[in-house]
Amino acid sequence: MKRSYRETPETIKGTFAEYAKTIGFSWKEFVMSVPSPMFLVTSYKSNGQPNACMQGWTTFTSANHGNGYYAILGSVNKNGHLYETLKETREAVINFMSAEAYDACMATIRNNQFEADEITASGLTAEPASWVNAPMVRECFMNLECRYVWEKEIVPGDDHTVVCLEVLGAHIDEAYLDDKTGEQGLLYNIHHQINPEKDKKQPTIMRAYSRKKLIWGNTDGGGVMLERPYV
Ligand SMILES: Cc1cc2nc3c(=O)[nH]c(=O)nc-3n(C[C@H](O)[C@H](O)[C@H](O)COP(=O)(O)O)c2cc1C
């Protein structure tokens, strides 16, 4: 039997899943828990310093009768450095990290100052891309060089926007040529799954999974997120 959910379920009212709206998350993320790949987008700021931005709301698609491959960044903050640099340089690199490089990639969020080389400050290595004017991260096993194509707000006036990047080409670590989805492969962002039929005492945290292995999930089980991942 299927249960149907359209309005905020009663069990979610007063919990983090409802409060999350104030930081930009619908309760549907927690009830529906659709995964998306997680990666670092790198570009140059106007002062020449490398910028790095974790992104977790993206999908990839072919278009133009198979003549192009595109990343649809579903929600880019218009007040962040990534958006600013995309408008300025119109080029960026999408860097996929393994579980091993995950902590350093997350550290870029703390090293988000305009003056900072966010890649080096986070213990990673910046290398120039081959086909676009952007840095890429050596420790990430796959780097996609991209060109800005267009953007569109899902709802007019929103402070986040959908950005389409064309993937021009890729650099792939030889060890990953056969398989990019193993334990040390692609990471997926999955919001903690909440069963709306249960009581309010369910833990709430966004998690990163490499296949089935949990590498990020920090909760006291009381419905409180201890580590705030979005800053
Ligand atoms: C797992 C994860 C996924 C994220 N996804 C997004 C996203 O899709 N869009 C966004 O604007 N910020 C996202 N963020 C937040 C940004 O990475 C963070 O605010 C960053 O410091 C902004 O960098 P910027 O100033 O270079 O844009 C995410 C953070 C994490 C930890």
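**Exercise 1. Determine how the residues of the shell around the ligand divide into nonpolar, polar and charged.**

Solution. In this predicted model, the shell divides into 10 nonpolar residues, 9 polar residues and no charged ones. To place the shell in the structure, begin with its extent: 19 residues surround the ligand, and the closest of them are Gly 56, Asn 77, Gly 80, His 81 and Leu 82. Next, ask which elements supply these residues; those that give two or more are E3, E5 and H3. Of the elements, E3 gives the most, with 4 residues.

**Exercise 2. Identify the buried residues of H3 and what covers them.**

Solution. The buried residues of this helix are His 81, Leu 82, Tyr 83, Thr 85 and Leu 86. An α-helix has 3.6 residues a turn, so residues three or four places apart point the same way. The cover over the buried residues of H3 includes E2, E3, E5, E6, E9 and E10. His 81 and Leu 82, both buried in H3, are also among the residues closest to the ligand. Just after the helix, Arg 90 takes a positive phi of about 60°.

**Exercise 3. Decide whether E2 is enclosed or open, and work out which strands pair with it.**

Solution. First, count the burial: 6 of the 6 residues of E2 are buried, so the strand is largely enclosed by the rest of the structure. Second, look at the two faces, where Phe 39, Val 41 and Ser 43 point one way while Leu 40, Thr 42 and Tyr 44 point the other way, all of them buried. Third, follow the pairing with E3, which is antiparallel and extends over 6 bridges; within it, Ser 43 has Asn 51 as its bridge partner. The hairpin formed by E2 and E3 has 5 residues between the strands, and Gly 48 takes a positive phi near 85° there. Fourth, turn to E6, which runs antiparallel to E2 and is joined to it by 3 bridges, with Ile 94 as the bridge partner of Val 41.

**Exercise 4. Locate the largest nonpolar core and describe the surroundings of Val 93.**

Solution. The largest nonpolar core has 35 residues, and those with the most contacts inside it are Leu 40, Val 93, Met 97, Cys 140 and Cys 146. The elements that give two or more residues to this core are strands E2, E3, E5, E6, E8, E9 and E10, together with helix H3. A second, separate core of 7 residues includes Ile 12, Phe 16, Phe 30 and Ile 194. For Val 93, set aside the neighbours within four places in sequence; the remaining contacts are Thr 42, Ala 129, Ala 134, Pro 135, Met 136, Asn 143, Leu 144, Glu 145 and Cys 146. Of these contacts, Thr 42 belongs to E2, on the face that also carries Leu 40 and Tyr 44.

**Exercise 5. Establish whether Glu 10 is buried or exposed, and which distant residue of the chain is compared with it.**

Solution. Glu 10 lies in the segment before helix H1. A residue with 12 or fewer other C-beta atoms within 10 Å counts as exposed; Glu 10 has 9, and is therefore exposed. The residue compared with it is Glu 197, which is 187 residues away along the chain, although the C-alpha atoms of the two are separated by 9.1 Å. For the protein as a whole, 57% of the contacts between residues at least 6 apart in sequence join residues at least 24 apart. Of its 231 residues, 32% count as buried.

Methods
Residues numbered from 1 in each chain as written. Predicted model: local features only at pLDDT ≥ 70, side-chain atom pairs only at ≥ 80, totals over all residues. Core = buried A, V, L, I, M, F, W, Y, C linked by C-beta atoms within 7 Å. Buried ≥ 20, exposed ≤ 12 C-beta atoms within 10 Å, placed from the backbone. Contact = placed C-beta atoms within 7 Å. Near = placed C-beta within 6 Å. Nonpolar A, V, L, I, M, F, W, Y, C, P; charged D, E, K, R; others polar. Pairing = 2+ DSSP bridges.
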